[in-house]
Amino acid sequence: MNRTIEIIIGTTGEIEIDAVEFKGPDCEKATAFLEQALGVVGKKVKKPEYHQRSTRVSQQRIGG
């Protein structure tokens, strides 16, 4: 899983921010600094991934 933030600038100057491979509210957290820097937010579209839970995998090694 390789999470990235894509910024697309249209021919008329509109900006689209896409948080790829983020799940749940993690996408909003990841892009908040860009939204703040750019100013006005027009429309937010929540992809199906937004409604999925973020899973974190931890590994623990016991013994040697």
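**A friendly tour of a predicted fold**

Q: Is Asp26 buried or exposed, judging by its relative accessible area?
A: In this predicted model, Asp26 has a relative accessible area of 13%. The cut-off for burial is under 20%. Asp26 is therefore classed as buried.

Q: Which side chain meets Asp26 in a salt bridge?
A: A search of the whole structure turns up 1 salt bridge. Its N to O distance is 3.9 Å, and the limit for such a pair is 4 Å. The side chain that meets Asp26 there is that of Arg3.

Q: How many residues apart in sequence are the parts that Arg3 and Asp26 tie together?
A: The two side chains share a salt bridge. Arg3 sits in the segment before S1 and Asp26 belongs to helix H1, so the parts tied together are apart in sequence by 23 residues.

Q: What is the relative accessible area of Arg3?
A: Asp26, on the other side of the salt bridge, is buried. Arg3, in contrast, is partly exposed, and its relative accessible area is 39%.

Q: In what order do the elements of the chain run from the N terminus?
A: The chain's secondary structure amounts to 1 helix and 2 strands. The strands are S1, covering residues 4–9, and S2, covering residues 15–20, while helix H1 spans 26–38. Starting at the N terminus, the order is β-β-α.

Q: Which residue in the turn of the hairpin has a positive phi?
A: S1 and S2 run antiparallel and are joined by 6 bridges; one of the bridge pairs is Thr4 with Val20. Between the two strands of this hairpin lie 5 residues. The turn residue with a positive phi, about 95 degrees, is Gly13.

Q: Where is Glu21 found?
A: Glu21 is another residue to look at for its backbone, since it is not a glycine and yet has a positive phi, near 75 degrees. With a relative accessible area of 37%, it is partly exposed. Glu21 is located in the loop between S2 and H1.

Q: Which residues form the largest nonpolar core?
A: Phe22 is one member of this core. Leaving out residues up to four places away in sequence, Phe22 touches Arg3, Thr4, Ile5, Cys27, Ala30 and Glu49, and among these Cys27 and Ala30 also belong to the core. The full set of 5 residues is Ala19, Phe22, Cys27, Ala30 and Tyr50.

Q: Which residues is Thr31 in contact with, leaving aside its neighbours within four places in sequence?
A: Thr31 lies in helix H1. Its relative accessibility is 6%, so it counts as buried. Beyond its sequence neighbours, the contacts of Thr31 are Ile5, Ile17 and Ala19.

Q: Which element supplies the largest share of the nonpolar patch?
A: In soluble globular proteins, nonpolar side chains tend to be buried together. Here, Ile5, Ile7, Ile9, Ile15, Phe33 and Leu38 form a nonpolar patch on the surface, with about 580 Å² of accessible area together. S1 and helix H1 each contribute at least two of its residues, and the largest share, 3 residues, comes from S1.

Q: Does Phe33 count as buried or exposed?
A: Phe33 is part of helix H1 and of the nonpolar patch. Its relative accessibility is 52%, and the cut-off is over 50%. Phe33 therefore counts as exposed.

Q: What percentage of the residues in the chain is buried?
A: The accessible surface of the chain comes to about 5800 Å², with 50% of it belonging to carbon and sulfur atoms. Of the 64 residues in the chain, the buried share is 17%.

Technical notes: Residues numbered from 1 in each chain as written. Predicted model: local features only at pLDDT ≥ 70, side-chain atom pairs only at ≥ 80, totals over all residues. Heavy atoms only, no water. Pairing = 2+ DSSP bridges. Helix = DSSP H or I, 4+ residues; strand = E, 2+ residues; numbered from the N terminus. Patch = residues over 30% accessible without salt bridge, like charges linked within 9 Å, V, L, I, M, F, W, Y side chains within 5 Å. Areas by Shrake-Rupley, 256 points an atom, 1.4 Å probe, with all protein chains shown as cover. Buried < 20%, exposed > 50% of the residue type's maximum accessible area, 1.4 Å probe, protein only. Core = buried A, V, L, I, M, F, W, Y, C linked by side-chain atoms within 4.5 Å. Contact = heavy atoms within 4.5 Å.
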